[in-house]
Protein chains: 4
Amino acid sequence: MYSFKNDYSEGAHPLLLQALIDNNLENNTGYGLDKHSLLAVEHIQKHLGSTFSKIYFLAGGTQTNLLVSSAFLRPHQAIVSAYTGHINTHEAGAIETTGHKVLAINSPNGKLTPKLIQNTLDEHSDEHMVQPKLVYISNATEIGTIYNKEELSALHHFCKLNNLLLYMDGARIGNALCSADNDLTLECIAKLVDAFYIGGTKNGALNGEALVICNENLCTDFRYIMKQRGALTAKGFVIGSQFETLFKNNLYFELSNHANDMAMVLQEGIKQLKYDFLTISSTNQIFPIFPYSLINILENDFEFYIWQKIDEYSAAIRLVTSWATKPETVHMFLDSIKNITLND
Amino acid sequence: MYSFKNDYSEGAHPLLLQALIDNNLENNTGYGLDKHSLLAVEHIQKHLGSTFSKIYFLAGGTQTNLLVSSAFLRPHQAIVSAYTGHINTHEAGAIETTGHKVLAINSPNGKLTPKLIQNTLDEHSDEHMVQPKLVYISNATEIGTIYNKEELSALHHFCKLNNLLLYMDGARIGNALCSADNDLTLECIAKLVDAFYIGGTKNGALNGEALVICNENLCTDFRYIMKQRGALTAKGFVIGSQFETLFKNNLYFELSNHANDMAMVLQEGIKQLKYDFLTISSTNQIFPIFPYSLINILENDFEFYIWQKIDEYSAAIRLVTSWATKPETVHMFLDSIKNITLND
Amino acid sequence: MYSFKNDYSEGAHPLLLQALIDNNLENNTGYGLDKHSLLAVEHIQKHLGSTFSKIYFLAGGTQTNLLVSSAFLRPHQAIVSAYTGHINTHEAGAIETTGHKVLAINSPNGKLTPKLIQNTLDEHSDEHMVQPKLVYISNATEIGTIYNKEELSALHHFCKLNNLLLYMDGARIGNALCSADNDLTLECIAKLVDAFYIGGTKNGALNGEALVICNENLCTDFRYIMKQRGALTAKGFVIGSQFETLFKNNLYFELSNHANDMAMVLQEGIKQLKYDFLTISSTNQIFPIFPYSLINILENDFEFYIWQKIDEYSAAIRLVTSWATKPETVHMFLDSIKNITLND
Amino acid sequence: MYSFKNDYSEGAHPLLLQALIDNNLENNTGYGLDKHSLLAVEHIQKHLGSTFSKIYFLAGGTQTNLLVSSAFLRPHQAIVSAYTGHINTHEAGAIETTGHKVLAINSPNGKLTPKLIQNTLDEHSDEHMVQPKLVYISNATEIGTIYNKEELSALHHFCKLNNLLLYMDGARIGNALCSADNDLTLECIAKLVDAFYIGGTKNGALNGEALVICNENLCTDFRYIMKQRGALTAKGFVIGSQFETLFKNNLYFELSNHANDMAMVLQEGIKQLKYDFLTISSTNQIFPIFPYSLINILENDFEFYIWQKIDEYSAAIRLVTSWATKPETVHMFLDSIKNITLND
């Protein structure tokens, strides 16, 4: 059985495990104040240029998002998100548990634009309604699309103009930055958003996300909020060491590149077999539309999610590749489609 | 520099790391539904006998405590804790962030008794006050003491009688159960409390606590609460695999035993040097009282916390040992005291 | 200047004020345990027949809704509401502040149906998403429509089948029950929902809503939740006395009837002048569509809200009548339209 | 049966009721934006001199306190209070429900001092603990004592120095300011605290408290927080009108003066009968210590709370007087004691 279900089915890249072994018996300071965390911060900050930034290592995406909500907002302030945004649909109400409303906007490609946000602002004009304050975007989005520089700059300017904060969920930021269509860098992003995070869990770490806060005002007492939400990890050096390894050289991007490459081979191959797609992706998630007859047979050998019913006869499935996806598996999948289609 | 600061300065026991390496490229189901987590549950349940139990793997102690608070209580219900309880003093208000009050009781040895709790019940009689509902105890306590079977049974009966829930914070439950004074087992505990957790972070794991819920009513939808608080770990198999290794054989208790032994050597050695103690411990935290002159010199070679000022001339320090503490380090510490005392 | 802005511009019906004066120097027990509150409960319960019910007097609608959310739900549970529902759009995130998500459903007439709710249930299938638990409906709705017996029974059965709670916001329940299209009674409603409230503020009281909980399980410790949210009024007898007066005889329904009558005269009159409506109402809110040229002139003498832009030239306005609206004012408004239209 | 149970057993002073009747059929703007609320603000501001202030009318004390907690604090910040503080003991965890911890300090007279607060600051030094941020004091306190100018100035300076906010619960501020021992004015208080409230419910209003925020930074979006907590009253003019009447002339202080006078007659009379007191009060709550034999007989004709058991034979009771307490009732109570004592 081969899995294309997600990019967090395997453990960690071997270099990260090796570093954990090498550091294992050191006496490290707790709670992220250790030397590995500090080195990881240093390595990441090199990518951010001279932009102001504070970096906090956290254990997962939902945790990171709820900390941002808790730390950045006053009680009456709301988060604007695409309807497909992870915080809106797949975090069991984590944001609401911090007391804040998510104002969800329908967007066909999973992305927000100033125009879409303006509608929401227009609808929320006084104290009888929540106050939109933070714009949440994902890059790559939950459906594989990415923001380019022009789009992100437009959001940046719109947010400044409207006194909004801009926050990027970067669970798959490596995949976005390594996309063939990308023209952003970590440094660009740091200049254009108030905060974003660099996802580790979906890109080769056992666990861990690096939250980068670029707006100095938002850093005050952030570690208190971490502690209070159970996110100040006693053995913080475990996450620190992993990010140290990921960013010491270019490993982080190599892993994303590999995942994207595997997805592109899949997408290209399926396209050549004349199948359609729900959306064309340039990252590590692709969404081919297959007849159920094909899906049913593929499910004998491969694991994946059925993403969306198209009609009585077909559905879009989601295939996700990771740093650990083997080229053989990808080719086996393409061969399977060919064989099944031939035999039809 | 040798550290007696805490029991979470090192990484994981080598056998746990080895298992992570062995499992690394498996395609595991996410969110704790993998085979390693299931095996870990099985191994732990053997220790619990036929008692009803559901086991949930979480990332840390504060996270576990706040989940319990969030899942078990209605909004107006409060937690009764010793003043020294971790939730009262060292979790940055995590419980209050879930909306609940901690009713703190002064207790010289860090333990609660029916009599102490009764006072709190008496003071909280109607809807103008919070309703005491969950009794929080730590075993071992934050100052190294432990509960014996008689004490825990008394609390159990008192809680049943008063419609209270009983919850044990087991960050150092291994140290409690391996103490020379202990007469409890995991099975006993499971019968006497509504929930407790088995701490991994302080006993040889990279991270991870196993929350055992023994009261079936409290299990309903617990995974929703986990997800919502950012505690449903994508790569749940990382914690699962570690508990599998800790409980497959008796490794968990071996590690606690070692930590306790090291502490007892220290305590015995210091006692023979005629120093007094803040409290006599039978677990892996000890609290000798030293003159500042001695403390200052010891700080050149060893790290530890000054726990409590006694008078102008002396203070109690806290020495914590772990699964990784080496006998040499312990003897080096004792020798240092002797040498310094001689040279005085 | 005459106001059709809302039904809470005036104070209280004179009989309510008189009762306050009559009772003023009594020594009443605090916090709603006084004799007037008890009598008010008795009077209301006569309308509920033998249905189980507990009645709690609260100060306003948003307060009532947030108490329901806080008391009835566990943290991961969500409220299903029409998009136009008061809790979704006009309570500044009160529900989210209690930690719960509002799952909003688009509905052209402001009402929910089993089919609409089923879609939401289908989308929320596991612990990565919130759990839909309470169905919130308003009767009359925020746009003047009402539920009939068949519709409410269908919701009742659907909720039972799906283990959902059904709650009716009755800020304007009097207007609903006095509508010409209505076939429900308070007793019917009490049998079909888990809880509902009888609005006083919008029907002749200085303040006050009577929350009726018909599901015994939901009553436990409700007064604690009231106290904790600042809703246990010291001088509870002020609200109690008002509901005593409203329900001693049939004053409550007389007031709603009057408000409805005034609205129907307005609606009928405007219809005869050949204007269209956003929605046809049978309660005390009506929504005629007028050209801006007409609206602008009307605004010189009357206050009302512009509810929704229709096109460049016209908009729907909202006209609300109350227990205190005078027939003269209604006729003056109709005359104004005629005069302006003639002069056009 | 005559009641000394509390100062909120009666309705409103007749002049307040008369004003409600006079204004009853006006078409007032909702939500506290009406002319009566504006006039009330104007009248109160005259008492505050040139000090910056924004005034918000709220419905009760617990509601006011939880709004302050919600609006002024970030999630990790805590409130410092005397153990006897209303927020600590008699609000069913309202503060904790907003997510904040109350750090309670034992104080024999119910008052806080810089020294007492300093201890709490010393214990809360890093992100593992909550951050003390707001100092909550009551004036008069829950046990009848008051702050003088020197004490309040000392707190003011201490708070400024330590970056703390100072907030005064003024449920009985009228009684404090009319005490024979008082040297403060509303203007003084406004200069020395960040916010305080002027209690109406306990001083002659049907309901209502006037929250005065003197620190401009704390006003931002306060009305959103009110709405979100169910505290933005639709018929805000009801509270506005009452405060207009209370502060148009000196009615507010006349009522407090009367209540204090009645209490002082009681205290003086009891003192002459050679009974002791738990604490000597100069406001409208007094705490005589009586033998149970006396208490039992008094309870036949009078209602009051037994406040604290002193020993097997005696207890302190609490007698509260109000704007409506009649001199006859006070003398009847004193006569009763005399008669019972004689007959003993």
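## Helix crossings, sheets and chain contacts in a predicted model

In chain B, helix H2(B) passes helix H11(B) in a left-handed crossing. Everything described here comes from a predicted model, so please read the angles and contacts below in that light.

**The H2–H11 pair**

Two packed helices are described by the angle between their axes and the distance between the axes. For chain B, the axes of H2 (residues 35–48) and H11 (residues 237–248) come within 7 Å and cross at roughly 35°. On the H2(B) side, the contact is made by His36(B), Ser37(B), Leu39(B), Ala40(B), His43(B) and Ile44(B). H11(B) answers with Phe237(B), Gly240(B), Ser241(B), Phe243(B), Glu244(B), Phe247(B) and Lys248(B). By class, these contact residues of H2(B) and H11(B) divide into 6 nonpolar, 5 polar and 2 charged.

Now to chain A. There, helix H2 (residues 35–47) and helix H11 (residues 237–248) pack at an angle of about 35°, with their axes 7 Å apart. H2(A) passes H11(A) in a left-handed crossing. From H2(A), the residues involved are His36(A), Ser37(A), Leu39(A), Ala40(A), His43(A) and Ile44(A). Their partners on H11(A) are Phe237(A), Gly240(A), Ser241(A), Phe243(A), Glu244(A), Phe247(A) and Lys248(A). The contact of H2(A) with H11(A) holds 6 nonpolar, 5 polar and 2 charged residues.

**How the chains meet**

Chain B is superposed on chain A by a rotation of 180° with 0.0 Å of shift along the axis, at an RMSD of 0.0 Å. That is the relation of a two-fold axis. Of the interface residues of chain B, 100% are also interface residues in chain A, so the copies meet through the same surface.

In the contact between these two chains, 38 residues of chain B touch 39 residues of chain A. Four helices of chain B each supply at least two residues of the side that touches chain A: H1 (14–23), H3 (61–72), H5 (94–97) and H10 (222–228). H1(B) provides the largest share of that side, 4 residues.

Chain D also touches chain A, with 13 residues from chain D and 13 residues from chain A. On the chain D side of this contact, helix H10 (residues 222–228) of chain D gives the most, with 5 residues.

**Two domains in chain A**

The domain assignment of chain A gives domain 1 (2–6 + 252–343) and domain 2 (19–249). Their centres, taken over C-alpha atoms, are separated by 28 Å. Between them, the contact takes 16 residues from domain 1 of chain A and 19 residues from domain 2 of chain A. Helix H12 (251–272) and strand S10 (285–286) of chain A each supply at least two residues of the domain 1 side. H12(A) gives the most to that side, with 7 residues.

The table sets out the class make-up of three contact sides.

| Side of the contact | Nonpolar | Polar | Charged |
|---|---|---|---|
| Chain B, touching chain A | 15 residues | 19 residues | 4 residues |
| Chain D, touching chain A | 3 residues | 5 residues | 5 residues |
| Domain 1 of chain A, touching domain 2 of chain A | 7 residues | 9 residues | no residues |

**The seven-stranded sheets**

Strands of a sheet pair through backbone hydrogen bonds, either parallel or antiparallel. In chain A, 7 strands form an open sheet in the order S2-S8-S7-S6-S5-S3-S4, and the pairing is mixed. Strand S2 (54–58) and strand S4 (102–105) of chain A stand at the edges with a single partner strand each, so one side of each has no neighbour in the sheet. From one strand to the next, the twist averages 25°. At the S4(A) edge, strand S3 (residues 77–82) of chain A and S4(A) pair in the parallel sense over 4 bridges. Here Ile79(A) stands opposite Val102(A) in S4(A).

Chain C has an open sheet of 7 strands in the order S2-S8-S7-S6-S5-S3-S4, again with mixed pairing. Its edge strands are S2 (54–58) and S4 (102–105) of chain C, each pairing on one side only. Neighbouring strands of this sheet are turned by 25° against each other on average, direction ignored. S2(C) and strand S8 (residues 209–213) of chain C run antiparallel and are joined by 5 bridges. Leu211(C), in S8(C), is the bridge partner of Tyr56(C). A helix also rests on this part of the chain: H7 (residues 149–161) of chain C lies across strand S5 (131–138) and strand S6 (165–169) of chain C. H7(C) runs at about 145° to S6(C).

Definitions and conventions:
Residues numbered from 1 in each chain as written. Chains lettered and ligands numbered in written order. Predicted model: local features only at pLDDT ≥ 70, side-chain atom pairs only at ≥ 80, totals over all residues. Axes fitted to C-alpha atoms, helices over the stretch in contact; angles between N-to-C directions. Left-handed = near helix turned anticlockwise from the far one by under 90°. Contact = placed C-beta atoms within 7 Å. Nonpolar A, V, L, I, M, F, W, Y, C, P; charged D, E, K, R; others polar. Least-squares fit on C-alpha atoms with pLDDT ≥ 70 in both. Pairing = 2+ DSSP bridges. Domains from an automatic or database assignment.
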